[in-house]
Each structure stands twice: as C-alpha cells, then as structure tokens.
Amino acid sequence: MKTPSLSFFFATTAAIALIVWMARGAMAPSAPPNNELPLSAADSLYNEAQGLRGVHLMSGLDLRTDFESSMAQNDIRSAVEFAFGFIHSTIGTGALNDAAIFIDQLQGAQNSPLVLRSLGSCGVGYLKIKKGSTVDALQDLTICIEYFASNRQLYPHIYGHALHLMALLFHEQGLYDKSLEYYNLALEFRKQGTTDSQIDRAATLNNIGNIYWKIGLFSRALSYHERALLFKQNVLPPEHADISASLNNIGNVLNDIGEFESALEFHKTAYEQRLNSLGNHSSTAHSLHNISESLFHLDRHQESIEIMK
C-alpha cells in the first residue's frame, strides 16, 4: 500500500480543521439545541413551551377554551394557569401572532385582574426575547417579577419562570453575573418534586452550565450539565431530544477539558439518539461533526474524515 505523502497529510489535516471549526461554531453548548433554537441561551424555553407541565399537556385550543370557561366562572386561579399554559405553548410552537393577540386581550380587557395583566407583561417579555428585542423586554419582565414576587406562594412556578426569563435576557446580553444571579433565584422556586419542576430545574441548570462554558469555567459547566441530564433522564423518554441535547453539551465540555475519549462516547450516544428520533436532521448532522472533532483530537484522522463523507 502506498504511503500518503506529507503534503496529502497536511491537506487532510487542514480539511479536518475546517470541519472542526464549522462544527464548533454550529454546536457550541451555549447554542442549545433545544433543539437548535436560534436563541443562544434558549435551551430551556423549548421544554417549558412544549407543555411539560401538567396543565400544558393540553392543546393551545383547549387551554384557551378552559381559560375562557374559568373566567366566566370567576375562577381566577385556574384562569391564570390556563393563560400561562396558552402563552407558552403558542410562543414555544412559533405561533407568535396568536400569543400576541391573546396577551393584548389580557392586558386590554376592561377590569382585567392585575394578576392577568402582570402575566401578560411576562408574555410580552418572552415574545420580545424570542424576537431578539432583549433591551425592550426588561421593563415588561420587571413588572411581571414585581407582581409574582409578592404572590410567589400562590404561583411559585410562574415566579420561577419569570426569574428564568430575566436571567435569559441578561444571558443574551452577555451580562453573565446578573444572569447567574437570576438563574440561581429561579432554582429556588423550582424545587418541588414533581415531574414538571424537574424539567424546569433541568432547563435552568442547563443554562447555568452554558454560561460557565462561555466564560471558560469548564469543570463547573460540566457539573451543571450533568445535573441537568440527570433530571431529564428521571422524567423523559430515553431518546427525547432534550436528553440528546444534554449529551451533546456534556460532550462539548469534555472536549474542551481534553477528555476526548469520554467526549466521543457522549457524542456517539447523542448521534444515535438523534438519528433514531429525528432522522436526517440538522441536529443529527451536528452530532456527526462533533464525533469527527473528537476523533481528530484522538489523532484518528482518517476516521474523522470518513465519518463526514
């Protein structure tokens, strides 16, 4: 067998380096996958918006209908829960216009209770974050947090979510100290032992891990991503996309601290799960890139090239 020339080796290495650079840009852990949402810190929003809280398992139409029924019966407590579910299910599934119309009704209706107007402010802030208007979202989230801070015993999960959104806003702005402060406050109100609270808690832990990764504190990042994965594994099916996202994030951090063999195993598992659940999807391709990177770091250059063909 003919031995490859030195020039061939360097050309190959350069090609791999380009692949690696593209992969790193596409799948850094703070570009979460939840699932590859455009917001760099928005991993958690997918979970909460997709209806993992019990009341949110209903469709948007059902939530809207039950909200109106609760209002007709003057059952404000239930109405708040259904309104919360509707806002986050519609925003999470991309029905931003439906969410905006509903929020306008909450805030503009005559004699609308303060709790619903405050919830509407939270929804407006959420919408603005989704649209990239983080500066404009600050006032809306402040109004929401001030109200639900005073009523946190009645609505701890809404207060925790509002704190999480404020943390996300600062995260997007690169104000990491403030973001960590609010993420940690959010964790205090996401301690209840329900399935839903474990999902919420995993979302916040994930984003804390993303910040520590971003500022180069890889050991801390790894710890938070591992904790997030544990919560997700407790309540989600094994091949759920959010579990694959956490496996991916852990693999990326392990690569950064030089644990390439371990990183390779996490990326392989993420790839297999994504291939089975998503098929030919951008997230699946991203996992292949990450496998290629790990192989490259292990000096398994030919395998790194082959896997990308």
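**Figure 1. Asn74 in the loop between α3 and α4.** Asn74 sits in the loop that joins α3 (60-72) to α4. Helices here are DSSP runs (H or I, at least four residues), and strands are runs of E with at least two residues; both are numbered from the N terminus. The model is predicted: local features need pLDDT of at least 70, side-chain atom pairs count only at pLDDT 80 or more, and totals for chains, interfaces and linings use all residues. Residues are numbered from 1 along each chain as its sequence is written, and side-chain values use heavy atoms, with hydrogens and water left out. Asn74 is not a glycine, yet its phi is positive, about 60°. Asn74 is exposed, at a relative accessible area of 59%. Exposed means over 50% relative accessible area, buried under 20%, and partly exposed in between (1.4 Å probe, protein chains only).

**Figure 2. Asp299 in the loop between α14 and α15.** The flanking helices are α14 (282-297) and α15 (301-306). Asp299 has a positive phi of about 65° and is not a glycine. Is Asp299 buried or exposed? Asp299 is exposed, with a relative accessible area of 61%.

**Figure 3. Packing of helix α4 on helix α8.** Helix α4 spans residues 76-92 and helix α8 spans residues 156-173. The two pack at an angle of about 30°, and their axes are 11 Å apart. Axes are lines fitted to C-alpha atoms, for helices over the stretch in contact; angles run from 0 to 180 degrees between N-to-C directions. The crossing of α4 and α8 is left-handed. Left-handed means that the near helix is turned anticlockwise from the far one by less than a right angle; clockwise is right-handed. From α4, the contact takes Val80, Glu81, Phe84 and His88. From α8, the contact takes His157, Ile158 and His161. Contact means heavy atoms within 4.5 Å. The contact residues divide into 3 nonpolar, 3 polar and 1 charged. In this count Ala, Val, Leu, Ile, Met, Phe, Trp, Tyr, Cys and Pro are nonpolar, Asp, Glu, Lys and Arg are charged, and the others, Gly among them, are polar.

**Figure 4. The largest nonpolar core and Phe148.** The largest nonpolar core has 64 residues. Such a core is a set of buried Ala, Val, Leu, Ile, Met, Phe, Trp, Tyr and Cys residues joined through side-chain atoms within 4.5 Å. Phe67, Leu119 and Phe148 have the most contacts inside the largest core. Which helix gives the most to this core? Helix α8 does, with 10 residues. Phe148 contacts Val115, Ser118, Leu119, Tyr155, Ile158 and Tyr159, leaving aside neighbours within four places in sequence.

**Figure 5. Cys122 in helix α6.** Helix α6 covers residues 114-130 and includes Cys122. Cys122 is buried, with a relative accessible area of 1%. Residues up to four places away in sequence are not counted among its contacts; Cys122 touches Asp140, Leu141, Cys144, Ala162 and Leu165. The C-alpha atoms of Cys122 and Cys144 are separated by 5.2 Å. Along the chain, Cys122 and Cys144 are 22 residues apart.

**Figure 6. Asn97 in helix α5.** Helix α5 runs over residues 96-108 and holds Asn97. Asn97 is exposed, with a relative accessible area of 54%. Asn97 and Leu127 are 30 residues apart in sequence. In space they are 9.6 Å apart, C-alpha to C-alpha.

**Figure 7. Pro238 in the loop between α11 and α12.** The loop of Pro238 links α11 (218-235) and α12 (241-256). Pro238 counts as exposed, at 63% relative accessibility. Pro238 touches Ile243 and Gln273, not counting residues up to four places away in sequence. Pro238 and Gln273 are 35 residues apart in sequence and 8.2 Å apart in space, C-alpha to C-alpha.

**Figure 8. Ile215 in the loop between α10 and α11.** Ile215 lies in the loop between α10 (195-214) and α11. At 40% relative accessibility, Ile215 counts as partly exposed. Ile215 and Tyr176 are 39 residues apart in sequence; C-alpha to C-alpha, they are 8.6 Å apart in space.

**Figure 9. The protein chain as a setting for the views.** The secondary structure comes to 15 helices and 0 strands. Of the 309 residues of the chain, 50% count as buried. Among contacts with a separation of 6 or more, residues 24 or more positions apart account for 59%.
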